[in-house]
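Q: Before turning to particular residues, could we go through how each label is earned, setting the computed value against its criterion and only then drawing the conclusion?

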Amino acid sequence: MEKEEVKHMEHKMYDIHMHIVPGVDDGSWSLDMSYSMLYMAYEQGIRKIIATPHSSAYDRDYESTISAFQQLKEQKQKWLEVELYLGCEVNCNRKNMQSILGKLQSGIYPSLNQTPYVLTEFSTRIGRDEAIFCTMELLNAGWIPVLAHLERYKQLFADETVHELKKNGCLIQMNLYSVFDEGDEKIQQNALYLIQQKLVDFLGTDAHRMNHRPPSAEDGLRFLYTNFEKEYIDKIAFGNAEQQLFG
């Protein structure tokens with residue numbers, strides 16, 4: 001692939017999963033680090049970001065979490081053409097679903113950019129029954145689960161639950177680095193399977209800090225555009241997000 005083409009495509013990346021709000025969870029430590037992450041994201045071709053603090057951040061201190069996001073959004077360098085939106089990575093399990101539904105309804109847990117889509121996280125040990133239960137609870141309440149880094153949930157691949165979740169109406173977010181730079185071979189295999197089967201709907205970096213999973217996109221986008229169909233990668237890199245989350 002020509003270098004110019006890759007560069008053009010990199011500027012079409014919209015990241016729907018980033019822990020860039022400073023000082024609220026295990027992501028960015030400070031405003032300065034958040035600025036560095038924004039600049040790196042820009043350099044990597046990312047132009048829209050949904051900041052997704054863990055739901056535990058909102059549980060600990062909702063007001064401070066919102067305030068930290070607003071401060072970052074208002075004080076980021078005006079010349080840096082990266083748009084910031086708010087969301088939440090909601091940790092779901094069988095026992096907490098009624099609480100989660102209440103907090104989504106009340107706005108304590110922000111959906112992705114005020115849409116019906118909810119970035120939904122599970123324990124890496126989750127099995128079929130609990131995944132189906134949690135997602136159906138969301139779906140029946142009018143929310144659309146966007147399953148965060150689904151490639152990590154190994155048991156859901158062993159029994160092909162991933163196809164059932166998709167059929168039920170869930171969408172899938174894949175971490176971009178998982179397809180080419182994942183230390184766990186099984187997770188990498190799962191990520192490639194999701195791409196090969198065209199099950200992925202959105203990409204994210206799941207960036208946390210500059211020294212731990214920084215907002216890197218360039219290498220992953222190059223890998224995807226080199227090895228898979230351009231039309232599909234366009235959709236998961238920016239097209240689906242533009243239509244469903246930013247439309």
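A: A residue is called buried when its relative accessible area is under 20%. The model is a predicted one, and Asn190 in helix H8 (residues 185-196) is a convenient place to start.

Q: Why is Asn190 called buried or exposed, as the case may be?
A: The relative accessibility of Asn190 is 2%, and the cut-off for burial is under 20%, so Asn190 counts as buried. Setting aside residues up to four places away in sequence, Asn190 touches Glu151, Lys154 and Phe157.

Q: What makes the pair of Tyr85 and Phe246 stacked, edge-to-face or tilted?
A: Two rings pair if their centres lie within 6.5 Å, and the centres of Tyr85 and Phe246 are 4.7 Å apart. Planes under 30 degrees apart would count as stacked and over 60 as edge-to-face; the planes here stand at 50°, so the pair is tilted. Tyr85 belongs to strand S3 (residues 83-86), whereas Phe246 lies in the segment after helix H10 (230-244), so that the pair links parts of the chain 161 residues apart.

Q: How do you know whether these two rings are buried or exposed?
A: Tyr85 has a relative accessibility of 16% and therefore counts as buried, and Phe246, at 11%, counts as buried as well. Both residues also belong to one aromatic cluster, together with Tyr14 and Phe238, and the structure holds seven aromatic pairs.

Q: What makes Arg47 a charge over the ring of Tyr42?
A: The criterion asks for CZ of Arg within 6 Å of the ring centre and within 35 degrees of the ring normal. Arg47 lies over the face of Tyr42 at 3.9 Å from the ring centre. The charged end of Arg94 likewise sits over the ring of Phe133, at 4.9 Å from its centre.

Q: How do you know that the length of helix H5 agrees with its number of residues?
A: The expected span is 1.5 Å times one less than the number of residues; for the 13 residues of H5 (residues 128-140) this gives 18 Å, and the end C-alpha atoms are 18 Å apart, so the two values agree. The buried residues of H5 are Ala131, Ile132, Cys134, Thr135 and Leu138, and they pack against several elements, among them helix H4 (97-106), strand S5 (117-121) and helix H7 (161-168). Just after H5, Gly142 takes a positive phi of about 95°.

Q: Why is the protein chain called as compact as a globular protein of its length?
A: The radius of gyration is 17 Å, and the globule rule gives 18 Å for 247 residues; the two values are close, so the chain is as compact as a globular protein of that length. The chain has 10 helices and eight strands, its C-alpha trace spans about 45 × 40 × 35 Å along the principal axes, and 55% of its residues count as buried.

Q: Which residues have the most contacts inside the largest nonpolar core?
A: In this core of 83 residues, they are Leu150, Leu203 and Leu245. Leaving aside neighbours within four places in sequence, Leu245 is in contact with residues including Ile16, Ile50, Leu112, Tyr117 and Phe202. In soluble globular proteins, nonpolar side chains tend to be buried together.

Key. Residues numbered from 1 in each chain as written. Predicted model: local features only at pLDDT ≥ 70, side-chain atom pairs only at ≥ 80, totals over all residues. Heavy atoms only, no water. Phe/Tyr/Trp six-rings, centres within 6.5 Å; stacked < 30°, edge-to-face > 60°. Helix = DSSP H or I, 4+ residues; strand = E, 2+ residues; numbered from the N terminus. Buried < 20%, exposed > 50% of the residue type's maximum accessible area, 1.4 Å probe, protein only. Contact = heavy atoms within 4.5 Å. Core = buried A, V, L, I, M, F, W, Y, C linked by side-chain atoms within 4.5 Å. Rg over C-alpha atoms; globule rule 2.2 N^0.38 Å.
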